[in-house]
Protein chains: 2
Amino acid sequence: MRISDLAKATGCHLETVRYYERIGLLPPPVRSKAGYRDYRDSDVERLRFVVRSRALGFSLEEIRSLLTLASRTELSCKQVDGVARMHLAQVEAKQRELAALATELRGMIETCHHDTRATCAILQSLAG
Amino acid sequence: MRISDLAKATGCHLETVRYYERIGLLPPPVRSKAGYRDYRDSDVERLRFVVRSRALGFSLEEIRSLLTLASRTELSCKQVDGVARMHLAQVEAKQRELAALATELRGMIETCHHDTRATCAILQSLAG
DNA sequence: ACTAAAGTCTGTAGCTACTACGGAGTCAAC
DNA sequence: GTTGACTCCGTAGTAGCTACAGACTTTAGT
């Protein structure tokens, strides 16, 4: 399977596949005589895992950890759970941050009387 | 006023001040004989505007626009309003995205029976 | 067999918004 | 005069890609 097939099978951008290999997130695949990358089904699985984890907002470092953890199937999944909970906590923190932002932005926008910029409530609010 | 004073007065990191100057967000200030930057009160105001806008999540390009708009005090603030509303819409979009993420993460975490990694619902969910 | 198009290779540079460094010069206090 | 704090500039690093350029290979069509 060539790199474009892998990309299609996973929904991952082709250049991103090479990037993931470069940073060691994907193992270097076998090469054809001409030097073309040749992927297996297991590579599709691994990259799917990465793509799905990225879609859930995990960082590449978190994904690296998850992949390492996943490889030892016989051990407890406590640490996996830990990574997921930690990430959820970060997402929730970001949610609170954005909620505060949105409230403030809405306040600013509502206060504006749509007059000239000299008296614009938005600009005044941004000025502090 | 020297750069560290400006930084203190605005809560902006010192190196960030130089960065903002380099990218043209702040005007190059007068220099002392020895080449040290010498800031005025108007620079404090402008940088405060930038810092506050950044805290509200505006991008540097949006801030650049806002600063340009703000300088023509006699004109309507319609465009200012537009920038703010656009930004709010982006924040709200991000909120929806994070809400979906959080829901999915919570589902994953709750489904996990805390057994071995081979049967871990989190890992299975990430695998697709 | 020949050609043209499509695919692949590597390495490098760009993006956002900073932050950190090295090595040199400057200023203020003791 | 010397120590320490400050400032200067230019460059490189961060995350997570994405986009080239220029060379090579494969594939499809004639």
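The C-alpha centres of domain 1 and domain 2 of chain A lie 40 Å apart in this predicted model. Domain 1 covers residues 1–58 and domain 2 residues 86–128, with bounds taken from an automatic or database domain assignment. Residues are numbered from 1 along each chain as its sequence is written, and chains are lettered from A in the order in which they are written. Local features need pLDDT of at least 70, side-chain atom pairs count only at pLDDT 80 or more, and totals for chains, interfaces and linings use all residues, while side-chain values use heavy atoms, without hydrogens and water.

Chain A is superposed on chain B by a rotation of 180° with 0.0 Å of shift along its axis (RMSD 0.1 Å), using least squares on the C-alpha atoms of residues with pLDDT of at least 70 in both. The two copies are thus related as by a two-fold rotation axis. In chain A, the C-alpha nearest this axis belongs to Gln95(A), at 3.2 Å.

Near DNA strand C (a heavy atom within 4 Å) there are 20 residues, the closest being Arg18(A), Tyr36(A), Arg37(A), Tyr20(B) and Arg54(B). Sugar or phosphate accounts for 73% of the strand C atoms within 4 Å of the protein, and bases for the rest. Polar contacts (N or O atoms within 3.5 Å) are made to both parts of the strand. A polar side-chain atom of Tyr36(A) is 2.5 Å from a base nitrogen, whereas one of Arg54(B) is 2.6 Å from a phosphate oxygen. An N or O atom in the side chain of Arg31(A) lies 3.0 Å from a phosphate oxygen of strand C.

Technical notes. A polar contact is a pair of N or O atoms within 3.5 Å; within protein, one must be able to donate a hydrogen and the other to accept it, and residues adjacent in sequence count only if both atoms are side-chain atoms.
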